[in-house]
Structures are given as C-alpha cells and as structure tokens.
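Have the model open beside you and turn it slowly as you read. We will begin with a pocket and then walk through the helices that pack against one another.

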Amino acid sequence: MKTIFWAVVLVATLLVQIFLLQSWQVGGVTPNLLIGFIVMSCIFLDSERMLWLGFFTGMAAEIYSSSDFGLSLGFYLLLVLVCKFLLNIGEREYSWWKPALVAGAAAIVQAVFLQFVNLLSGISWALLSQIVF
C-alpha cells in the first residue's frame, strides 16, 4: 500500500512539474519538484524502494527532458545513493534541516551541471581544435 501511495505521489509531482511549472519559468529557470520529492521520500521509504523510485523518477524525467539521455537518470539515482547511504536520511534521525539542505544543494548542482553540459554541447569541434592547437 505504501508503494502505491508513493507511485501516485510521483505521478502527481511529475504532472505538476511538466504542465504547471514549465509555464512559470523565470529567466529560463524552472523549480524542480522532483528533487524535493526524492529527498523527502527518502525519509519514509527503505533503501530498495528508494532505488526503484529514483530509477523511475529519472526515467520519467528523461522522457520530457531535452538534455542527453541518462543525465537525469544518473542524477536522481546518485541523489538517492547520497541521501540513503551517505547521509542516512530517514535511518537514524528525522530532522528537517538535513533534507532541506540536501534538496537545495542538489538543485544547485543539477542546474550548474546542466548549464555546463549545454555550454559543452554548443562548442563545435572545429572551434575546440583551434583553441587546443
């Protein structure tokens, strides 16, 4: 029953992310509810379910993402690994500041990483070879 509840919450979060928040961009930046969903669900779910939830969240994000395939999937799986295995969120303590700090840091890291990937994809190989040689 718990898995069905979190699957429904995931679908609702995806729908809000895709249809509502995409139209509210400020300077080309959209808030990412999926990061908050992953971090907050780490508090309530065990490690195995979180890995599956991170996998399906990444695959769903890949469907509507315009970036290269695998970036969102890898990012959300890495976020689950950091939350569950490195920081033990939901295992030992239930403080509010650690998930909020992780979600904020993950959002900043994802934004910087996606801008770096966009910057690298805009550079042509001819220009890069002129810079190097």
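In this predicted model, the lining of the second largest pocket divides into eleven nonpolar residues and two polar ones, with no charged residues. The volume of this pocket is about 230 Å³. It is lined by 13 residues, and those closest to its centre are Phe75, Leu78, Leu79, Ala106 and Val109. Where does the lining come from? Helix H4 (71–86) and helix H5 (97–122) each contribute at least two residues, and H5 has the largest share, with seven residues.

Before we turn to the helix pairs, it helps to know that two packed helices are described by the angle between their axes and the distance between those axes.

Let's stay with H4 for a moment and look at its partner, helix H2 (residues 33–44). The axes of H2 and H4 come within 10 Å and cross at roughly 30 degrees. Angles under 35 degrees count as roughly parallel, so H2 is roughly parallel to H4. The crossing of the two is right-handed. On the H2 side, the contact is formed by Leu34, Ile35, Ile38, Val39 and Cys42, and these meet Phe75, Tyr76, Leu79, Val80, Cys83 and Lys84 of H4. Sorted by class, this contact of H2 with H4 holds ten nonpolar residues, one charged residue and no polar ones. You may recognise Phe75 and Leu79 here: both are also among the residues closest to the centre of the second largest pocket.

H2 also packs against helix H1 (residues 2–20), at an angle of about 165 degrees and with the axes 10 Å apart. Is that parallel or antiparallel? Angles over 145 degrees count as roughly antiparallel, so H1 is roughly antiparallel to H2. This crossing is right-handed. From H1, the residues Lys2, Trp6, Val9, Leu10, Thr13, Leu14, Val16 and Gln17 take part, and they meet Leu33, Leu34, Phe37, Ser41 and Phe44 of H2. The contact of H1 with H2 contains nine nonpolar, three polar and one charged residues. Leu34 of H2 is listed in this contact and also in the contact with H4.

Finally, follow H1 to helix H3 (residues 47–64). Here the packing angle is about 25 degrees and the axes lie 11 Å apart, which means that H1 is roughly parallel to H3. The crossing of H1 and H3 is right-handed. H1 brings Lys2, Thr3, Trp6, Leu10, Leu14, Gln17 and Ile18 to the contact, while H3 brings Arg49, Leu53, Phe56, Thr57, Ala60 and Tyr64. By class, the contact of H1 with H3 has eight nonpolar, three polar and two charged residues. Trp6 and Leu10 are among the H1 residues that touch H3, and they also meet H2.

Key
Residues numbered from 1 in each chain as written. Predicted model: local features only at pLDDT ≥ 70, side-chain atom pairs only at ≥ 80, totals over all residues. Heavy atoms only, no water. 1 Å grid on protein atoms, 1.4 Å probe; cavity = no way out; pocket = protein on both sides within 12 Å on 5 of 7 lines; lining within 4 Å. Points joined across faces, edges and corners; volume = space filled by probe spheres on them. Helix = DSSP H or I, 4+ residues; strand = E, 2+ residues; numbered from the N terminus. Nonpolar A, V, L, I, M, F, W, Y, C, P; charged D, E, K, R; others polar. Axes fitted to C-alpha atoms, helices over the stretch in contact; angles between N-to-C directions. Parallel < 35°, antiparallel > 145°, perpendicular 65-115°, else oblique. Left-handed = near helix turned anticlockwise from the far one by under 90°. Contact = heavy atoms within 4.5 Å.
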